[in-house]
Amino acid sequence: MSKTDTDNSREREELGAAGSRLSTAPQEEPAGLPGLGVIGWVRWFWRQLTSMRVALLLLLLLSLGAIPGSLIPQTGADANKVEEFRAAHRTLAPVYDRLGLFHVYSSVWFSAIYILLFVSLVGCIVPRTWQFVGQLRGRPPGAPQRLTRLPAYTTWRTETDPEQVREAALALLRKRRFRAHAAGDAVAAEKGYLREVGNLVFHIALIVLLIAFASGQLYKSDGTKLMVEGDGFSNALPMYDDFKSGSLFRPDDLVPFSFDLKAFTGTYEPSGPNKGTPRTYEAKVRYSKGAYGKETTTTVKVNEPLEIDGAKVYLVSHGYAPVITVRDGKGAVVYRDAVPLLPLDGNVTSQGVVKVMDGYRDPRGRKEQLGFQAFFVPTFDPRSGTMLSQFPALVNPLLAVNAYHGDLGVDSGIPQSVYQLDKKHMKAFKDGKGQLLKKLLKPGDTLTLPGGAGSVTFEKDVKEWAGFEIVQEPGSGWALGGALAAIFGLAGSLFIQRRRVWVRAVRGADGVTVVEMAGLGRSESARLPEELGELAGHLYDRAPGATGPDDPARTPDLRAVPAEGAEK
């Protein structure tokens, strides 16, 4: 054994209970092979799992494991991007599949880290909580025999009786919110229990975060809906354009509500370097809770969602829906609707398709389907030389249309996008020169189809559409509370110092009272000597120094310089 180990052992023996640990953190035991037998291995594994070292390692692994989930497309977030990744990386994709990197947060290895961290935190918190409760129920330990061995120490002599000094010290320490009591010829006091409270709160908050994250992933639902002005929505699965949910989600978990989109308003910077930048995006909606709830009108803005009993309705996108009218060769209206077109750039240059699936007959009277490709610009500028919008607002709208006839393929049973036109079984209408029939239409203009096949009209009414995302995350509130609690708990454990103070007052051989004050903290800090010096100054005012021909009154060192041997 080294000299340093011998000195530390002797010092702990001298301090006794006063030098007991100021923390409930489990002591790290030296690594070694466990005892023989199953019980020995279980105890060894449990001690390793609940140690601070392993908890930090698991937390680091959890953070590292989340990186692929942010960099690699995930099937739960965007299945289309995953398929694109598979097509672009034929060799790498199978490897990612085996490692579960396309579904990181539900993979076996990520769940294992998650569960082990949870067990480690619980195994650490439970014994520390009971130990801390025991400390709260007990009293601060009595003063050690040699106060001079403590890191902060001061002393002086006074004519005041020892009992009066101890009573004054007890009153002073309790006034400073120390837990104090008289123990023999000294007063023992302790303060800073909130440090351990903060430590426990931090660890409990981590468990709350883990549970909230798990419940949010298992029970969450997230869907999108594109709505043209005047459309309605009811919170049911068939109403969604796209929907994804957790593995334990049930359709009955959807919050019952409905809403109508009354109007959408968007304003933009008209000039300057920020020309075209959105100023406001607002959707005026009327909603009701349940089947027979009272209707309420409100405005949904970007980052200001509509909240209904745990469900949040976010405004996430916007575009235009020109009103298109299609007539057959006899002039009968076979299609009339606002067609939402998808934006291609920041100035809302948009494209889409119009599909006439039923009700149309060609000039010979045969049933046929029509398809139109549409390209829309809200602000067309002939001087630009391009068919691109120059401003996102409706200033000079223009619609480019070309037409097809035949079989759209919608009756084949194969799902297809409403924004794309399958032209495998379609024939293009031709103009007089044998070229693809197409025309630029202003509001109110009509494109006449050749051979008496009908016409398509761009009506003067151009509606706007809004895209909404409806989200239910059951654990979001708990996650926020856990995060805030973790921050405050960590701050308390870092900035609050747990410390003990002892005041001993005994009568010396010459009849003069000798007062000793000493302090002990969990870690070396300049705050402890300063606090002890301040306490000594107040106590000195109540028990001033003794005066005599050979013993002039002197004030104790208010800085409470560390005692001799404290740095060993």
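This passage describes aromatic pairs, one buried phenylalanine and one strand hairpin in a predicted model.

Across the whole structure, a search for paired aromatic rings returns 21 pairs. One of these is formed by Trp-41 and Trp-44, whose rings meet edge-to-face, with 5.9 Å from centre to centre and 85 degrees between the planes. Both tryptophans belong to helix H2, which covers residues 38-49, and they are separated by three residues, or about one turn of the helix. Trp-44 has a relative accessibility of 32% and is therefore counted as partly exposed, a value that falls between the limits of 20% for buried and 50% for exposed residues.

A further edge-to-face pair is made by Tyr-268 and Tyr-281, with ring centres 6.0 Å apart and planes at 80 degrees to each other. Because Tyr-268 is located in strand S7 (residues 257-268) and Tyr-281 in strand S8 (residues 278-289), this pair ties together parts of the chain that are 13 residues apart in sequence. The two tyrosines fall into separate accessibility classes: Tyr-268, at 8% relative accessibility, counts as buried, whereas Tyr-281, with a relative accessible area of 24%, is partly exposed.

Ring pairs also link a cluster that consists of Phe-233, Tyr-240, Phe-243, Phe-249, Phe-257, Phe-259 and Phe-468. Phe-468, a member of this cluster, is found in strand S20, which spans residues 454-472. Its relative accessibility is 1%, so Phe-468 counts as buried. When residues up to four places away in sequence are set aside, the contacts of Phe-468 include Gly-223, Thr-224, Lys-225 and Met-227, together with Phe-259 and Leu-261, Ala-283 and Val-285, and the run Val-313, Tyr-314, Leu-315 and Val-316. Phe-259 thus appears both among these contacts and in the ring cluster. For Tyr-314, the separation from Phe-468 is 154 residues in sequence, but the C-alpha atoms of the two residues are 5.4 Å apart in space.

The contacts of Phe-468 with Val-313, Tyr-314, Leu-315 and Val-316 lead to strand S11, which comprises residues 311-327 and runs antiparallel to strand S12 (residues 333-338), the two being joined by five bridges. Within this pairing, Ile-324 stands opposite Asp-337, a residue of S12. The hairpin of S11 and S12 has five residues between its strands, and in this hairpin Gly-331 adopts a positive phi near 90 degrees.

Conventions. Residues numbered from 1 in each chain as written. Predicted model: local features only at pLDDT ≥ 70, side-chain atom pairs only at ≥ 80, totals over all residues. Heavy atoms only, no water. Helix = DSSP H or I, 4+ residues; strand = E, 2+ residues; numbered from the N terminus. Buried < 20%, exposed > 50% of the residue type's maximum accessible area, 1.4 Å probe, protein only. Contact = heavy atoms within 4.5 Å. Pairing = 2+ DSSP bridges. Phe/Tyr/Trp six-rings, centres within 6.5 Å; stacked < 30°, edge-to-face > 60°.
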